[in-house]
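Work through the following exercises with the sequence and the model open side by side. Each task is followed by a solution in steps.

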Amino acid sequence: MNGSTRRTFLKDAGVGLAALSIGSSALQAGVMPGRPANGNSETEGRLANVMAIAAHPGDAFFAMGAPVALATHQGGKGSLLSLSLGESGSSTIPPEQYGEEQREAARKAATSIGAEALFLAYPDGEIPVNDEAKFAVCDFIRRYKPEVIVTHWRGSWHKDHQACYDIVQDAIFYAALPAIARKHPPHSVATLYFDDNWEDAAGFVPDTYLDITPVFEHWMDACAMFPMWRGETGFRYNDFYASMAVARGCVSNFNKAVALMSSPEQRVRHVRSL
Ligand SMILES: [Zn+2]
């Protein structure tokens, strides 16, 4: 099967091949047959503003960083919010010290991809699912005004990742609600995606493939600023995420790609005929 034939096959199979394009408001997944275009007329013509929201800095950069890097590469904006510093991730470095190393790595990595690192320092392993956390994330959403959010899928064996999923769902709702008065005005997030994270694989079914070829090396370099990237804490993140970019690229006919899963609610269609 040659490239164009395979692309046609993938389209026919209902697989979205996404691109973050200049002049677009959001991650465009408009090639998915029958799916309404993302974004809205209010944000037409603006560059993409993508926010990653993760339980730990490693997740934000390794599993969600490529779409953020692509947004800034294409002239948009990017931010990466970590709900915890992931300070308990090392078996040899005390949590307080390791947390600061993670914070510093996240700042440097974010700067290197033209994005901003944001933090809510909830205890690693104990991220609470409560209104305080949801409003704290809501405030970041209202302040940074992302059109696209990438976060954890709920099918995770890690309780912090499950917590992040729950927090983000309600934070997006709170952020958009005019009746909720906060420091910043309401903001509606146009599109929510879930990341392809090795810890969140239960029920993860990608429907969008994003071409990250232009930023792949750059993104890899940013990830390498984290002490844990090369397997120091027991998992070979570098090998996993680099090879996944190749594998996802193979099935989407891009050189390198990341797979994303759109929010089930956003797949709802309002039609008068099929
Ligand atoms: Zn994590």
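The exercises below treat a predicted model, beginning with the whole chain and then turning to single elements.

**Exercise 1. Overall composition**

Task: State how many helices and strands the protein has, and what percentage of its residues count as buried.

Solution: The protein contains 8 helices and 8 strands. Of its 274 residues, 47% count as buried. For the contacts, take those between residues at least 6 apart in sequence: 73% of them join residues at least 24 apart.

**Exercise 2. Helix 5 against helix 6**

Task: Determine how helix 5 and helix 6 are oriented to each other, and which residues meet.

Solution: Start with the geometry. Helix 5 spans residues 131–144 and helix 6 spans residues 159–176; their axes lie 8 Å apart at an angle of about 55 degrees. An angle between 35 and 65 degrees falls outside the parallel and perpendicular classes, and the two helices are therefore oblique to each other. The crossing is right-handed.

Next, list the contact. Helix 5 contributes Ala133, Lys134, Phe135, Val137, Cys138, Ile141 and Arg142. Facing them in helix 6 are Ile167, Val168, Asp170, Ala171, Ile172, Tyr174 and Ala175. Sorted by class, the residues of this contact are 11 nonpolar, no polar and 3 charged.

**Exercise 3. Helix 3 and its surroundings**

Task: Decide whether helix 3 is enclosed or open, and describe its contact with helix 7.

Solution: Helix 3 covers residues 65–73, and 8 of its 9 residues are buried, so the helix is largely enclosed by the rest of the structure. The buried residues are Gly65, Ala66, Pro67, Val68, Ala69, Leu70, Ala71 and Thr72. After the helix comes Gly75, with a positive phi near 95 degrees.

Now take helix 7, residues 216–223. Its axis and that of helix 3 come within 10 Å and cross at roughly 125 degrees, which makes helix 3 oblique to helix 7. This crossing is right-handed. Gly65, Ala66 and Ala69 of helix 3 make the contact with His218, Trp219, Ala222 and Cys223 of helix 7. The classes in this contact are 5 nonpolar, 2 polar and no charged residues.

**Exercise 4. Strand 7**

Task: Find which residues of strand 7 point which way, and identify what stands opposite Thr208.

Solution: In a regular strand, side chains alternate between the two faces of the sheet. In strand 7, residues 208–211, Thr208 and Leu210 point one way, while Tyr209 and Asp211 point the other way. All four are buried. Strand 7 runs antiparallel to strand 8, residues 257–262, and 4 bridges join them. Opposite Thr208 stands Leu260 of strand 8.

Technical notes: Residues numbered from 1 in each chain as written. Predicted model: local features only at pLDDT ≥ 70, side-chain atom pairs only at ≥ 80, totals over all residues. Axes fitted to C-alpha atoms, helices over the stretch in contact; angles between N-to-C directions. Parallel < 35°, antiparallel > 145°, perpendicular 65-115°, else oblique. Left-handed = near helix turned anticlockwise from the far one by under 90°. Contact = placed C-beta atoms within 7 Å. Nonpolar A, V, L, I, M, F, W, Y, C, P; charged D, E, K, R; others polar. Buried ≥ 20, exposed ≤ 12 C-beta atoms within 10 Å, placed from the backbone. Pairing = 2+ DSSP bridges.
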